[in-house]
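Biologist: Got a minute to walk me through this one? Short answers are fine.

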Protein chains: 2
Amino acid sequence: MDRYEVRLSGTGGQGLVVAGVILAEAAGIYEGKYVVQTVSYGPAARGGTSRADVVVSDGEIDYPKAIGLDLLLAMSQQAWDESADMMKPNGVLVVDSELVTQVTYERAVRIPFTKIAREKFGREQMANIVALGALSHIIPAMQAGAGLVSPESLQAALADRFPQAREVNQKALQEGLEAARQTQIVFEEPSSDGNQI
Amino acid sequence: MDRYEVRLSGTGGQGLVVAGVILAEAAGIYEGKYVVQTVSYGPAARGGTSRADVVVSDGEIDYPKAIGLDLLLAMSQQAWDESADMMKPNGVLVVDSELVTQVTYERAVRIPFTKIAREKFGREQMANIVALGALSHIIPAMQAGAGLVSPESLQAALADRFPQAREVNQKALQEGLEAARQTQIVFEEPSSDGNQI
């Protein structure tokens, strides 16, 4: 694995900065990868897009900014619109299907994270944990994401940060994991012409 | 202000990743600066040093990694030892005086953050908030840090993240702020010879 880039993007209050920390700790502390997690704010931060980038590699990471996204989690339409041109050719888009409806991207997974959080837990704020559960299935299902994170490492990192919410968080992860499994996505890599000169 | 770099460093469990998020949100969301907050993990992350870097600027930040530290908060001896060679000439070191005892650096502020947290709140885990309170005094007292953060913006960012702990967090910030005030530090910039050719 050379370099795998994840962006978690949405609006403030959706808990994506926290989700980025959890994902980074799962890959860095529990999977033993090199990880850089970055959050940027600009003068328009209040009320605008909130996002966290997580870059994972088997080796040291020289350039910590996102260059091409292997996986984008978009929790708002604006989040997708702003980062659409940063997808790698074989990248995967994961969207909250209630909140992001204008998407023509082919390699997209649509799951109603916020609806699941609301209906199963009575708290829309848990959508970030449900989404992490989905990522724990989707990321390792990609060739470039193998060994980067697992349901177990995510759960361990989450329990470390929020020991008092361990049980409900585990359930939320499981909901997301199941929802992702049901999409039965097959992420074949785009065909390549090999090393033709 | 060109570029101001803060590193919060210590051991896992001291809450420095969270402190980095709060500091970044205070400067980015409440003070309207450009901010990049970065956390890195390596294969030795478990049990090793935990740190968060926050780079603040009036303009867009091209290079998000720390280059020269304007302010280092060191909450363990190892944290100081590892980052000592990254201080800018006019940088300021802030240490937990109980935990970091081997320091010859001149521009150092020594405050027993962990002891204060333990004695005033019965919880050593609040040392990170006490330390943020101290930074809210020290950073704006530096010429390079003017307008970057204030007790008010830090308090607002903290209340946003932890609304249910608003009162105790405010008290912890205040304890750190008072402790920093009592050190009566004067951070004159190192003398310069000006533009002599």
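Biologist: Start with β4(A). Is that strand mostly covered or open?
Modeller: Mostly covered: six of the six residues in β4(A) are buried. Buried means under 20% relative accessible area, exposed is over 50%, and partly exposed lies in between, with a 1.4 Å probe and protein chains only. Strands are DSSP runs of E, at least two residues, and helices are runs of H or I, at least four, numbered from the N terminus.

Biologist: What sort of model is this, and what got filtered?
Modeller: It is a predicted model: local features need pLDDT of at least 70, side-chain atom pairs count only at pLDDT 80 or more, and totals for chains, interfaces and linings use all residues. Residues are numbered from 1 along each chain as its sequence is written, chains are lettered from A and ligands numbered from 1 in the order written, and side-chain values use heavy atoms, leaving out hydrogens and water.

Biologist: Back to β4(A). In which sense does β1(A) pair with it?
Modeller: Parallel, over four bridges. Two strands pair if DSSP finds at least two bridges between them. The bridge partner of A:Leu8 in β4(A) is A:Leu73.

Biologist: And how many bridges join β4(A) and β5(A)?
Modeller: Five, again in the parallel sense. There, A:Leu72 stands opposite A:Leu93 of β5(A). The chain gets from β4(A) to β5(A) through helix α2 (residues 77-83) of chain A, in a right-handed β-α-β crossover. Right-handed means that, with the strands pointing away from the viewer, the path from the first strand over the helix to the second runs clockwise.

Biologist: What about β4 in chain B: covered or open?
Modeller: β4(B) is mostly covered, with six of its six residues buried. Strand β1 (residues 4-11) of chain B pairs with β4(B), residues 69-74, in the parallel sense over four bridges. B:Ser9 faces B:Ala74 there, and B:Val6 faces B:Leu71.

Biologist: Which strand do five bridges join to β4(B)?
Modeller: β5 (residues 87-96) of chain B, running parallel. B:Leu72 has B:Leu93 as its bridge partner in β5(B). With helix α2 (residues 77-83) of chain B, β4(B) and β5(B) make a right-handed β-α-β unit.

Biologist: Zoom out. What is the strand order of the sheet?
Modeller: The sheet is open, has twelve strands and mixed pairing, and runs β6(A)-β5(A)-β4(A)-β1(A)-β3(A)-β2(A)-β2(B)-β3(B)-β1(B)-β4(B)-β5(B)-β6(B).

Biologist: Why is one side of each β6 left without a neighbour in the sheet?
Modeller: β6 (108-111) of chain A and β6 (108-111) of chain B stand at the edges, each with a single partner strand, so one side of each has no neighbour in the sheet. On average, neighbouring strands are turned by 15° against each other, direction ignored.

Biologist: Which strands does α4 of chain A touch?
Modeller: Helix α4 (residues 127-141) of chain A packs on the sheet and touches β1 (4-11), β4 (69-74), β5 (87-96) and β6 of chain A. Contact means heavy atoms within 4.5 Å. The direction of α4 makes about 155° with that of β4(A). Axes are lines fitted to C-alpha atoms, for helices over the stretch in contact, and angles run from 0 to 180 degrees between N-to-C directions.

Biologist: New topic. A:Ser153: buried or exposed?
Modeller: Buried, at 5% relative accessibility. A:Ser153 lies in helix α5 (residues 151-161) of chain A. Neighbours within four places in sequence aside, A:Ser153 contacts A:Ala26, A:Tyr30 and A:Glu31.

Biologist: And B:Arg118, where is that?
Modeller: In helix α3 (residues 113-121) of chain B. At 34% relative accessibility, B:Arg118 counts as partly exposed. Not counting residues up to four places away in sequence, B:Arg118 touches B:Glu98, B:Arg123 and B:Glu124. B:Arg107 is eleven residues from B:Arg118 in sequence and 26 Å away in space, C-alpha to C-alpha.

Biologist: Last one. How many helices and strands does chain A have?
Modeller: Six helices and six strands. Along the sequence, the pattern is β-α-β-β-β-α-β-β-α-α-α-α. Buried residues make up 53% of the 197 residues in chain A.
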